[in-house]
Amino acid sequence: MSTPILYIVIPCYNEEEVLPITSGQFLAQLCHLIDAGKISDDSRVMFVNDGSRDKTWEIICRLADEDKHFIGISQSRNRGHQNAVLAGLMEAKQFCDITVSIDCDGQDDISVIEQMVDEYAGGCEIVYGVRSKRETDTFFKRFTAESFYRIMNKMGCEVVFNHADYRLISTRALNELANFREVNIFLRGMVPLVGFKSTSVYYERHERQAGRSHYPLSKMIGLAVDGITSLSIKPIRMITALGIIVSLLSVVGIIWAITAHFLGLTAAGWSSIICVVCFLSGIQLISLGVIGEYVGKTYMETKARPRYIISDRTYESKK
């Protein structure tokens with residue numbers, strides 16, 4: 001096997017504070033792998049500017065001018081983390097043999113990239129970066145994050161526990177991932193569906209090196225909803241099951257009401273009526289909301305809008 005070309009794909013959104021710090025770390029790791037003969041000198045660090053409002057793109061352009069191993073692409077507007085990662089992967093696959101996607105903030109252990117490359121050399125097409133523990137997280141952060149993965153798996157989404165978007169994917173696997181045409185993307189659930197031989201490497205996550213997180217609890221909940229409704233119809237089946245149970249209980253209630261009427265046990269029951277009406281109304285509204293989420297997803301899919309639009313490339317400006 002010839003020395004593979006590696007592209008490290010890094011989505012960036014308003015990262016002017018952390019980018020000058022972590023860019024040198026990414027370059028150092030890339031050069032280490034090149035010097036060790038594990039990857040080709042044609043390997044690159046590719047930054048994906050996701051419509052940042054600060055000086056992120058200017059910093060990326062400056063880095064590209066200073067070292068050939070830095071390149072960057074910029075989306076025409078902000079389209080979200082998942083679309084930014086996908087844009088980088090689809091752009092990179094035409095130039096390389098393997099990609100590693102990783103966030104810009106320096107929380108993921110960069111040295112693990114070497115283990116990923118070694119696993120690829122051993123025959124794995126996909127290598128997942130998995131957190132070994134969450135001791136640096138607060139109890140609330142740890143509880144919500146781990147609950148996120150458990151709920152996703154319970155809902156029928158095939159996700160790797162404690163894995164985010166730090167992974168190695170070969171170009172062979174990326175070519176198959178490109179055949180997944182859905183607009184509502186959730187890469188943590190889509191990549192396992194591609195198949196091929198895969199494995200996991202484990203690491204401890206660090207504190208963010210600068211700036212602030214762009215992924216609060218609200219976005220994590222939104223990501224979970226997108227993932228579940230994009231990859232699973234289990235919520236629809238749960239609604240069906242709930243409807244059957246409520247219907248059976250209603251039949252029991254009707255039989256009881258008729259029996260009580262003939263036995264002369266009926267009496268005015270304003271509170272019980274209100275409770276039943278509120279209960280059934282709540283179930284109906286929740287069910288309509290879940291079904292509406294699926295209808296909305298279908299609506300967006302039928303439009304078939306582009307998942308990303310690349311407006312600028314640093315390497316085009318050098319031609």
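User: What is the handedness of the crossing in which α1 passes α4?
Analyst: In this predicted model, α1 passes α4 in a right-handed crossing. The term applies if the near helix is turned clockwise from the far one by less than a right angle.

User: Why is α1 called oblique to α4?
Analyst: Helix α1 (residues 19–35) and helix α4 (residues 112–121) pack at an angle of about 40 degrees, and their axes are 10 Å apart. Angles under 35 degrees count as roughly parallel, and 65 to 115 as roughly perpendicular. An angle of about 40 degrees fits neither class, so α1 is oblique to α4.

User: Which residues make the contact, and how do they divide by type?
Analyst: Q29, H32 and L33 contribute from α1, and I113, E114 and V117 from α4. Three of the contact residues are nonpolar, two are polar and one is charged. By the classes used, Leu, Ile and Val are nonpolar and Glu is charged.

User: What makes strand β5 mostly covered?
Analyst: β5 spans residues 126–131, and six of its six residues are buried. Buried means under 20% relative accessible area. I126, Y128 and V130 point one way from the strand, while V127, G129 and R131 point the other way; all are buried. In a regular strand, side chains alternate between the two faces of the sheet.

User: How do you know that β5 pairs with β6 and with β7?
Analyst: Pairing requires at least two bridges between the strands. β5 has four bridges to β6 (residues 163–170), running antiparallel, and six bridges to β7 (residues 198–203), running parallel. The bridge partner of I126 in β6 is I169, and that of G129 in β7 is V201.

User: What makes β7 and β8 edge strands?
Analyst: Eight strands form an open sheet in the order β7-β5-β6-β4-β1-β2-β3-β8, with mixed pairing. β7 and β8 (310–313) each have a single partner strand, so one side of each is left without a neighbour in the sheet. On average, neighbouring strands of the sheet are turned by 20 degrees against each other, direction ignored.

User: How many bridges support the pairing of β1 with β4, and in which sense do they run?
Analyst: Four bridges join β1 to β4 (residues 98–101) in the parallel sense. At least two are needed, so the two strands count as paired. V9 stands opposite S101 in β4.

User: Which strands do helices α2 and α7 meet?
Analyst: α7 packs on the sheet and touches β5 and β6, with its direction at about 35 degrees to that of β6. Helix α2 (residues 56–66) lies across β1, β2 (44–49), β3 (70–75) and β8. Its direction runs at about 150 degrees to β3. Angles over 145 degrees count as roughly antiparallel, so α2 is roughly antiparallel to β3.

User: Why is α7 described as largely enclosed?
Analyst: Seven of the eight residues of α7 (residues 187–194) are buried, so the rest of the structure largely encloses the helix. The buried residues are L187, R188, G189, M190, V191, P192 and V194. Just after α7, G195 takes a positive phi of about 90 degrees.

User: What makes the phi values of F196 and N14 worth noting?
Analyst: Most residues other than glycine have a negative phi. F196 is not a glycine, yet its phi is positive, about 70 degrees. N14, likewise not a glycine, has a positive phi near 55 degrees. F196 lies in the loop between α7 and β7, and N14 in the loop between β1 (6–12) and α1.

User: Why is F148 assigned one accessibility class and F196 another?
Analyst: The relative accessible area of F148 is 8%, under the 20% cut-off, so F148 is buried. F196 has 30%, which lies between 20% and 50%, so F196 is partly exposed. F148 is found in helix α5 (residues 139–154). The C-alpha atoms of F148 and N162 are separated by 9.3 Å, and the two residues are 14 apart along the chain.

User: What do the totals for the protein chain look like?
Analyst: The chain has 10 helices and eight strands, and 45% of its 319 residues count as buried. Among contacts between residues at least 6 apart in sequence, 83% join residues at least 24 apart.

Definitions and conventions: Residues numbered from 1 in each chain as written. Predicted model: local features only at pLDDT ≥ 70, side-chain atom pairs only at ≥ 80, totals over all residues. Heavy atoms only, no water. Axes fitted to C-alpha atoms, helices over the stretch in contact; angles between N-to-C directions. Contact = heavy atoms within 4.5 Å. Buried < 20%, exposed > 50% of the residue type's maximum accessible area, 1.4 Å probe, protein only.
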